[in-house]
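Here is a short, friendly tour of a few spots worth a look in your viewer. Please load the entry and keep it open as you read.

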Amino acid sequence: MKIASARLIVCSPDRNFVTLKIVTDEGIYGLGDATLNGRELAVAAYLEEHVIPCLIGRDPFAIEDIWQYLYRGAYWRRGPVTMSAIAAVDVALWDMKGKALNTPVYNLLGGKSREGVLVYAHANGSDVAEAVESVQQHMEEGYLAVRAQAGVPGVKSSYGVPKSGKPYEPAERGLPSESLWSSERYLNFAPKLFERLRVEVGEDVHLLHDVHHRLTPIEAARLGKSLEPYHLFWMEDPTPAENQEAFRIIRDHTVTPIATGEVFSSFWDSHDLVRNQWIDYLRMTIVHGGGITALKKAADFAAVYQVRTGCHGATDLSPITMAAALHFGLAIHNFGIQEHMPHTVLTDEVFPHAYSFEAGYMHPGDRPGLGVDIDELLAAKYPYQRAYLPIARKLDGTLTDW
Ligand code: CS2
Ligand code: MG
């Protein structure tokens with residue numbers, strides 16, 4: 001069997017997605033997600049112009065060799081655009097291999113290590129009361145783990161809180177919006193949110209929180225200490241991770257578990273964090289981290305240091321990535337938790353899939369391959385529209401991490 005063709009499907013059912021479809025000379029096809037929020041067409045061009053010509057005629061079963069060819073053969077390595085492009089090819093190849101061997105992808109990754117994949121939902125509110133209500137609502141829906149975010153008093157638009165009650169969707173059409181941020185007001189507020197949450201929702205539900213890269217290391221240490229009485233499942237992205245050693249400062253001050261990595265595109269972005277056990281969960285994701293092949297290597301390294309996975313799973317990762325993440329999460333031993341932001345009904349119509357949610361866990365289904373498809377006719381009705389993630393400024397106007 002040989003790769004006969006490959007093409008991109010760029011669409012925007014409620015939000016932008018870039019999908020790679022690879023077809024073999026025997027008619028089997030595989031799908032890969034190439035979506036990079038706010039830079040979608042950069043990845044599409046990388047695939048169209050520089051990758052697809054090199055795929056034609058290759059053996060689709062040679063997944064490792066094709067991964068190495070695209071990684072080492074490019075000369076210019078790493079970065080979210082390159083690794084999202086490689087990921088799209090890699091995931092499509094795993095999808096095809098499962099279909100050709102008539103087995104779900106998790107069976108190609110070592111088989112089931114658990115019955116279901118623990119997931120966490122997103123709860124948010126413009127204030128504490130709304131956030132509490134949102135956590136309670138998700139618990140009633142069956143979630144055993146919930147991420148809680150709330151508007152910070154005195155800060156006009158806080159991270160993770162949607163505008164006017166719509167589902168939280170960070171990408172916006174038109175040029176980047178600007179939001180304001182105050183670490184001082186946030187640090188005084190966050191413990192109050194979780195103190196009230198534990199009173200209202202009890203001790204058993206896993207509560208998570210995303211700091212979204214906004215604090216300095218010592219501020220993050222202060223936050224972690226202040227949240228210890230509320231025993232969070234994790235504090236996410238407490239500080240930017242370019243300087244991995246910054247996390248040692250946080251680690252020295254608090255036992256609140258730490259998760260980071262959703263913006264990582266390479267194992268090397270997490271190397272010091274993992275081998276020094278400065279984090280507890282690695283959030284690198286299949287679509288931005290180089291695919292299933294790359295994430296398996298990163299997870300196996302993390303397992304040596306008792307670091308577990310906690311893959312990113314926001315709505316800007318397509319249902320193809322959700323499906324791949326669930327096969328991956330079902331199979332690997334050091335799985336931690338999987339983020340689950342349900343896509344819109346329209347997105348799910350464009351990407352019909354076999355995965356399902358029940359009582360706090362998800363399962364990828366048992367269809368051969370990934371168990372996800374794309375309705376190309378329906379996708380064509382929703383053309384790409386440029387969209388950007390917001391930027392953030394401190395109250396004095398200094399640009400800061402959104
Ligand atoms: C967030 C993401 O889900 C999360 O943990 O950090 O929603 C992130 O803001 C978006 O994926 C950015 O595109
Ligand atoms: Mg995050």
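Which residues does F301 touch, not counting residues up to four places away in sequence? The model you are looking at is predicted, and in it F301 touches F267, H271, V274 and R275. The bullets below go on from there.

**Around F301**
- You will find F301 in helix 10, which covers residues 292-304.
- For a sense of scale, take L180: F301 and L180 are 121 residues apart in sequence, and their C-alpha atoms are 38 Å apart in space.

**The magnesium ion (ligand 2)**
- Its protein donors are D210 (OD), E236 (OE) and E262 (OE), and they lie 2.0 to 2.2 Å from the ion.
- Along the sequence, the donor residues follow the spacing D-x25-E-x25-E.
- E236 belongs to strand 9 (residues 234-236), while E262 sits in the loop between strand 10 (258-260) and helix 9 (271-275), so this pair ties together parts that are 26 residues apart in sequence.
- Buried or exposed, what are E236 and E262? Both of these residues are buried.

**The hairpin of strands 2 and 3**
- Strand 2 (residues 17-24) pairs with strand 3 in the antiparallel sense, over five bridges.
- If you want a position to click on, T19 stands opposite D33 in strand 3.
- Four residues lie between the two strands of this hairpin, where G27 takes a positive phi near 90 degrees.
- Strand 3 (residues 29-33) is mostly covered, with four of its five residues buried.

How values were computed. Residues numbered from 1 in each chain as written. Chains lettered and ligands numbered in written order. Predicted model: local features only at pLDDT ≥ 70, side-chain atom pairs only at ≥ 80, totals over all residues. Heavy atoms only, no water. Buried < 20%, exposed > 50% of the residue type's maximum accessible area, 1.4 Å probe, protein only. Pairing = 2+ DSSP bridges. Donors = N, O, S within 2.8 Å, 3.2 Å for Na, K, Ca; no water. Contact = heavy atoms within 4.5 Å.
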